[in-house]
Amino acid sequence: MTTPNALSDPNIKPVSNTSNFQLKVIKRDGTLDSYNSDKIAVAITKAILAAEDHDHADASHVKQLADQIVSGIHGRFEKQYPSGGSINIEDIQDQVELGLMRQGMQKVARAYVLYREEHAQQRKDQQPSEEAHPRFKMQRNDGSEAPLNIGRIRALISQVCRGLEGVDADHLLDLSYRNLYHGIKEEDIGTALIMAARPLIESEPNYSFVSARLLLDSLMSEVGKALNVYLPAAIEDASNAYAEIFEAGIRFGIQEELIDSKLDSFNIEMLADALKPERDNQFTYLGLQTLYDRYFIHHEETRIELPQTFFMRVAMGLALNEDDPTARAIEFYDLLSSFDYMSSTPTLFNSGTLRPQLSSCYLTTVPDDLSGIYDALRDNALLSKWAGGLGNDWTNVRSLGAHIKGTNGQSQGVVPFLKVVNDTAVAVNQGGKRKGAVCAYLESWHLDIEDFLDLRKNTGDERRRTHDMNTANWIPDLFMKRVFEEQDWTLFSPNDVPDLHDLTGQAFEKRYEEYERKAEIGEIKLSKRIPALDLWRKMLSMLFETGHPWITFKDPCNIRSPQQHVGVVHSSNLCTEITLNTSEDEIAVCNLGSINLVNHIQDGELDRERLQKTIRTAIRMLDNVVDINYYACPQAEASNLRHRPIGLGLMGFQDALYKLGIPYSSAEAVYFADQSMELISYYALETSSALAKERGAYESFEGSLWDQGILPIDSLYKLSQERGERYTVCDYSQTLDWDGLRQKIKKEGIRNSNVMAIAPTATISNIIGVSQSIEPTYQNLFVKSNLSGEFTVVNPWLVEALKRENLWDAAMVNDLKYFDGSVKKIDRIPENIKALYSTAFEIEPHWLVEAAARRQKWIDQAQSVNLYMSEPSGKKLDNLYKTAWSRGLKTTYYLRSLGATHTEKNSTPVDQGVAEQTSTVVGSASQNEVQGSLSNHNPQTTQKAGNDFELAKGQEAPKMCSILEPDCEACQ
């Protein structure tokens, strides 16, 4: 191979120029040069000509190929370095190789590889080993120059790799040298080392811990300088300065009015002694980077917290009102830092600060008058400002065409106001920490329901579209019965039927039928009668096309509500897991936190003692939020102090199944969902009752279902009675002493009106490095995007399993990339591993519904239940959502589908150059198979719900909303 180094040959004329952004190239001598895409094009041209590839010898064709490859490389760099940066020349040449391969030019690519290897060997032979990495100089923050401490970098990389299997410190050191250059800024050195480690995560998950430790080193330096605390060079030694950093951080935070001065009343020395710096090693890179970007308190963009001081600050904020706040803060800190439990994002953001808005969710009912509507919009803005997720009930607002007495005109209906809600959510983005977000709910008999269904469409009048907010159907049981029986359904304006919104179950059915008779005889002028099945089809079609509105069910939320004696649940929240009463006088508030389920699996089963200990502390922390919380609206404060609802949930469910060796698509997984939630429910209610004995029951306890000795499992019978057995198929099995707990609660009361809710846990699960909420694995290898950037995520459980089979290698990584993280078509993987590591779209969605139904019987609120369908159709959706309703689910959340490129890739043969072997995808279980497995596992048999339907004749199946990253940024 005799090709000259065209990347630096001044005699070759450029063939392409696509670069306008500021990117620097690190040359092999450590100097910087400007990135120039022309040089890349020249290199590609020279490589093609030198390889004597006659098929591509035509000059214009060569130029076209070079331009295509350069464009691809340029796009990748722009995405990776949107604000500029520096890249090693070797990385550029790596991209050239990939570009040639993607163009099918294997001969040219092979020649290019051989050329690079030949010249790399020549450079190695020409340079003594001690001169291989010359001593560059770095630029200090004050502008002065100093020698770059290569010895310190070597020691640091050695330290961060220590104790981790599968990582190679020498290899990482070599890669790190490629990112260093003469004149590098001191603050950029840490970033350069992290950028060397990050690409290795896909081949060895432990490099995620390496990257996190490198980030921690940079963070320690940043915090130490901000607080004027001297830190030794070595991480191990620097951790000894944790206590000093903690004390200095508290003083500095109070001085700068970033932290509540009440924190100074704690025994700071005792808290400092309780810190456990070694727990920093638990973080993955995604987890620590997320904390760094969005959670640590900063002063003028400089962080003043380390991970353990952050957890202690949160714990102190939650212990302010305790009798012994220092001791309780240590207890709370120990739970948070162990990753056994994690508070919700608003609590982590704001605990211990001057504005401790710690609650996650706010639910409001919008009244039917102009001043009330705009008061509700103002409340939305204030609540969103302080990191609250919003659920708005709009059913009271009269429909399009309804008479307005004050102006003697006609109403424009709900939709124009929702456009304002949408724009308010965009404008108030929670201080840049996360997106503002709201979900609007409308009951299915509202005359504007058909326009409401269209809000998220990409076509039509943009003034009647809301692309930045969420929507949800609030569906009464009577509508579902009419769908099953293929009867008609009548739409009304709420000003003509004012009591329907507050009625549920059989009382709603009776009154609704009376209104229908009035409409038939003309007593109600504004109404519309349509086939219920047609409206149901449109609901599913819009869900099919846009992912909205979500399907939620009014009656199970109310019939099973412990608080039905003092109000009505008019909607759920932003993420469909909260079911609390709302009215014009009360804004419902819920405080969330989640148990890390996988941490409580020991020796192949749930560690009940550890779970009980976690729940006792977690419930106390959640209850404390009610009294400490900053309330932006008086209606929220009054409601929360009166009812004291909390929402204890869980995360890491999929990880727990991995640890137990149970596939998600199995009766065993459904049984585990039942067993684990029963234990959580039992200990949570027991703890709340114990708190009631210590602190008093909540104000509106008398007359509640709790007061009557009716627990969540008992309210399931109430639902069956209201619906009639024909429409409900539930499981009532139980294993614990619920009779004893009923008597305890009736005697001693309960501290919280509502106790459990399973939230999405999108970000807090990232922080502690587990699967989110009750979700199945999205993909075993993928790139995750959020406000902190892009992160390679690889399933460490799968990697460990493949290592045990001696199957984890570079070819396996490539296979996983090609198949979008799926193992189904990789023949050399054993079938038992394929079953265990099926991804979300490979799991028959009825398994998700069945597992959720088993959890729902123990939960007094609801769950954020995402459903996945790789090849959706009207018939499948009809069947799935009817089953969800019949099994007693209160709500569902997103409907996920695969993008077109994923579907195509999973149905075509693999190029032999990409993956070694292929096989057909294992077929999904039918619903009958799901039910059969459950029937065999549990004597409580189940039935198939409802009739299937096809889309109307001539109607094309719309494209499903494709959400490649199943992550609710709004609820983080």
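**Notebook: surface patches, salt bridges and backbone exceptions**

I began at aspartate 375, which is found in helix α16, residues 370-385. The model I am reading is predicted. I looked up the accessibility of aspartate 375 and found a relative value of 47%, so the residue counts as partly exposed. Aspartate 375 belongs to a negative surface patch together with Asp369, Glu584 and Asp585.

**Entry: the nonpolar patch**

I next looked for a nonpolar patch on the surface. Leu370, Tyr374 and Val420 form one, and their accessible area together is about 270 Å². I placed valine 420 in helix α17, which covers residues 415-427. Is valine 420 buried, partly exposed or exposed? I noted a relative accessibility of 31% for valine 420, and therefore recorded the residue as partly exposed.

**Entry: the whole protein**

I then turned to the totals. I recorded 36 helices and 26 strands for the secondary structure of the protein. The protein has 972 residues, and buried residues make up 59% of them. For the exposed surface I noted about 38,100 Å², of which carbon and sulfur atoms supply 46%. I also looked up the contacts with a separation of 6 or more; residues 24 or more positions apart account for 77% of these.

**Entry: salt bridges**

How many salt bridges does the count come to? I recorded 48 salt bridges. I examined three pairs individually.

The pair I took up at the start was aspartate 451 with arginine 464, whose closest N and O atoms are 3.3 Å apart. This pair links distant parts of the chain, with the two positions 13 residues apart in numbering: aspartate 451 is in helix α18 (residues 449-453), and arginine 464 is in the loop between α18 and β15 (470-475). I looked up the accessibility of both partners. Aspartate 451 has a relative accessibility of 31% and so counts as partly exposed. Arginine 464 is also recorded as partly exposed, because its relative accessible area is 25%.

I then checked arginine 511 and glutamate 514. Their salt bridge has its closest N and O atoms 2.7 Å apart. Both residues lie in helix α20 (residues 505-520), three residues apart, which is about one turn of the helix. Arginine 511 has a relative accessible area of 24%, so I entered this residue as partly exposed. For glutamate 514 I noted a relative accessible area of 24%, and this residue is likewise partly exposed.

The next pair was lysine 744 with glutamate 748, a salt bridge in which the closest N and O atoms are 2.9 Å apart. I found both partners in helix α28 (residues 738-748), four residues apart, about one turn of the helix. Lysine 744 is partly exposed, since its relative accessible area is 25%. Glutamate 748 is partly exposed as well, with a relative accessible area of 22%.

After these pairs I noted a network: salt bridges that share partners join Glu322, Arg328, Glu331, Arg620, Asp623, Asp627, Arg644, Glu694, Arg695 and Arg751.

**Entry: backbone exceptions**

I kept a general expectation in mind for this part: most residues other than glycine have a negative phi, and most peptide bonds are trans.

Which residues does a cis peptide bond join? I found the bond between histidine 548 and proline 549, with omega at about -15 degrees. Proline 549 lies in the loop between α21 (532-546) and β18 (550-553).

I then looked up positive phi values. Glutamate 257 is not a glycine, yet its phi is positive, at about 60 degrees. I located glutamate 257 in the loop between α10 (242-255) and α11 (268-274). Its relative accessible area is 61%, and the residue is therefore exposed.

Glutamate 301 also has a positive phi, about 70 degrees, although this residue is not a glycine. I found glutamate 301 in the loop between β7 (298-299) and β8 (302-303). Is glutamate 301 buried or exposed? I recorded a relative accessible area of 57% for glutamate 301, so the residue is exposed.

How values were computed
Residues numbered from 1 in each chain as written. Predicted model: local features only at pLDDT ≥ 70, side-chain atom pairs only at ≥ 80, totals over all residues. Heavy atoms only, no water. Patch = residues over 30% accessible without salt bridge, like charges linked within 9 Å, V, L, I, M, F, W, Y side chains within 5 Å. Areas by Shrake-Rupley, 256 points an atom, 1.4 Å probe, with all protein chains shown as cover. Salt bridge = Lys/Arg side-chain N within 4 Å of Asp/Glu carboxyl O. Buried < 20%, exposed > 50% of the residue type's maximum accessible area, 1.4 Å probe, protein only. Contact = heavy atoms within 4.5 Å. Lys, Arg positive; Asp, Glu negative; His and termini not counted. Charge placed at Lys NZ, Arg CZ, Asp CG, Glu CD.
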